[in-house]
Amino acid sequence: YEERGDAESEPRRQYINSGALYPLRVIERIGDFNEDFFIDAIDKEYGIRARKKGVAIMRYNVCRLVHQLGYHRSIGGHDVNCYSAFRLYYLNRNCIKMFRKQRDAASLRECLFYFKQFALKRGWQIVRYEDRKLSKLSAIARGVFSGLFSRLR
């Protein structure tokens, strides 16, 4: 997060927590992270609050982070990025809870994007290419249910 950009940076709508730097003055302005999310959507929810407070999200292009989400497998000639059932549960639960908590157009767009990516597309990928299909599909369904009906903090 930064107030302005320069030649080595560019504005972004969103970011990932891995490798993110937060000046203390930005945390004081936006507030603490939502610890209820602890594994996924922390960054999405924080980014929405940052934009609401007028804090720009910047990507600094002078650093590079090698980051792998899930684990990669080559299955039947397809490169597949696989997630654990645990991660799939929280991906789906947290994006729905994020929307329920924020209730604005930005969080709805984020929620719909991630629901499409991590429930619908990921569900189809699981059916076609991955192991432990039942546990992963069940985790997606439980995450959606929990996101819709669990208490918000």
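# Exercises on a helix-rich chain

From the N terminus on, the elements run β-α-α-β-β-β-α-α-α. The model is a predicted one. The chain has five helices and four strands.

## Exercise 1. Describe the chain as a whole

Task: state how many residues of the chain there are, what share is buried, and what box the C-alpha atoms fill.

Solution.
- Step 1. Take the burial. The chain has 153 residues, and 42% of them count as buried.
- Step 2. Take the extent. Along the principal axes, the C-alpha atoms fill a box of roughly 45 × 40 × 25 Å.
- Step 3. Take the contacts. Consider those between residues at least 6 apart in sequence: 70% of them join residues at least 24 apart.

## Exercise 2. Check the length of α5 and find its buried face

Task: compare the expected span of α5 with the distance between its end C-alpha atoms. Then locate its buried residues.

Solution.
- Step 1. Helix α5 covers residues 133–149, which is 17 residues.
- Step 2. The expected span is 1.5 Å times one less than the number of residues. For α5 that should give 24 Å.
- Step 3. The end C-alpha atoms of α5 are 24 Å apart, in agreement with the expected span.
- Step 4. Buried means under 20% relative accessible area. In α5 this holds for Lys136, Ala139, Ile140, Gly143, Val144, Ser146 and Gly147.
- Step 5. Seen down the axis of α5, these buried residues fall within an arc of 170°, so they line one face of the helix.
- Step 6. On the other side of α5, Leu134, Phe145 and Phe149 are exposed.
- Step 7. The buried residues of α5 pack against two strands, β3 (71–75) and β4 (78–82), and two helices, α3 (85–102) and α4 (105–129).

## Exercise 3. Place α3 against α5

Task: which way does α3 run relative to α5, roughly parallel or roughly antiparallel?

Solution.
- Step 1. Two packed helices are described by the angle between their axes and the distance between the axes.
- Step 2. The axes of α3 and α5 come within 7 Å and cross at roughly 20°.
- Step 3. That makes the two helices, α3 and α5, roughly parallel, because angles under 35 degrees count as such.
- Step 4. The crossing of α3 past α5 is right-handed.
- Step 5. Name some contacts. The α3 side includes Tyr89, Arg93 and Arg100, and the α5 side includes Ala139, Gly143 and Ser146.
- Step 6. Check α3 itself. Its 18 residues should span 26 Å, and its end C-alpha atoms are 26 Å apart, which agrees.
- Step 7. Of those 18 residues, 14 are buried, so α3 is largely enclosed by the rest of the structure.
- Step 8. Just after α3, Arg103 takes a positive phi of about 45°.

## Exercise 4. Place α4 against α5 and α2

Task: give the angle, the axis distance and the handedness for α4 with α5. Repeat for α2 with α4.

Solution.
- Step 1. α4 and α5 pack at about 165°, with axes 9 Å apart.
- Step 2. Angles over 145 degrees count as roughly antiparallel. α4 and α5 are therefore roughly antiparallel to each other.
- Step 3. The crossing of α4 past α5 is left-handed.
- Step 4. Residues of α4 that meet α5 include Phe115, Phe118 and Tyr129; those of α5 include Leu137, Ile140 and Val144.
- Step 5. Helix α2 covers residues 42–52; its axis and that of α4 come within 10 Å and cross at roughly 155°.
- Step 6. This pair, α2 and α4, is therefore also roughly antiparallel.
- Step 7. The crossing of α2 and α4 is right-handed.
- Step 8. Lys44, Ile48 and Arg51 in α2 meet Ala106, Ser107, Glu110 and Tyr114 in α4.

## Exercise 5. Sort three residues by burial

Task: are Ser146, Ile75 and Arg132 buried or exposed?

Solution.
- Step 1. Ser146 is in helix α5. Its relative accessibility is 13%, so Ser146 counts as buried.
- Step 2. Leaving out residues up to four places away in sequence, Ser146 touches Tyr89, Arg93 and Arg100.
- Step 3. Ile75 lies in strand β3. Ile75 has a relative accessible area of 16%, so it is buried.
- Step 4. With the sequence neighbours up to four places away left out, Ile75 touches Val80 and Tyr129.
- Step 5. Arg132 sits in the loop between α4 and α5. Its relative accessibility is 51%, so Arg132 counts as exposed.
- Step 6. Phi of Arg132 is near 50°, a positive value in a residue other than glycine.
- Step 7. Ile75 and Arg132 are 57 residues apart in sequence; C-alpha to C-alpha, they are 14 Å apart in space.

How values were computed:
Residues are numbered from 1 along each chain as its sequence is written. This is a predicted model: local features need pLDDT of at least 70, side-chain atom pairs count only at pLDDT 80 or more; totals for chains, interfaces and linings use all residues. Side-chain values use heavy atoms; hydrogens and water are left out. Buried means under 20% relative accessible area, exposed over 50%, partly exposed in between (1.4 Å probe, protein chains only). The arc is that of the directions from the helix axis to the C-beta atoms. Contact means heavy atoms within 4.5 Å. Axes are lines fitted to C-alpha atoms, for helices over the stretch in contact, and angles run from 0 to 180 degrees between N-to-C directions. Angles under 35 degrees count as roughly parallel, over 145 as roughly antiparallel, 65 to 115 as roughly perpendicular and the rest as oblique. A crossing is left-handed if the near helix is turned anticlockwise from the far one by less than a right angle, and right-handed if clockwise.
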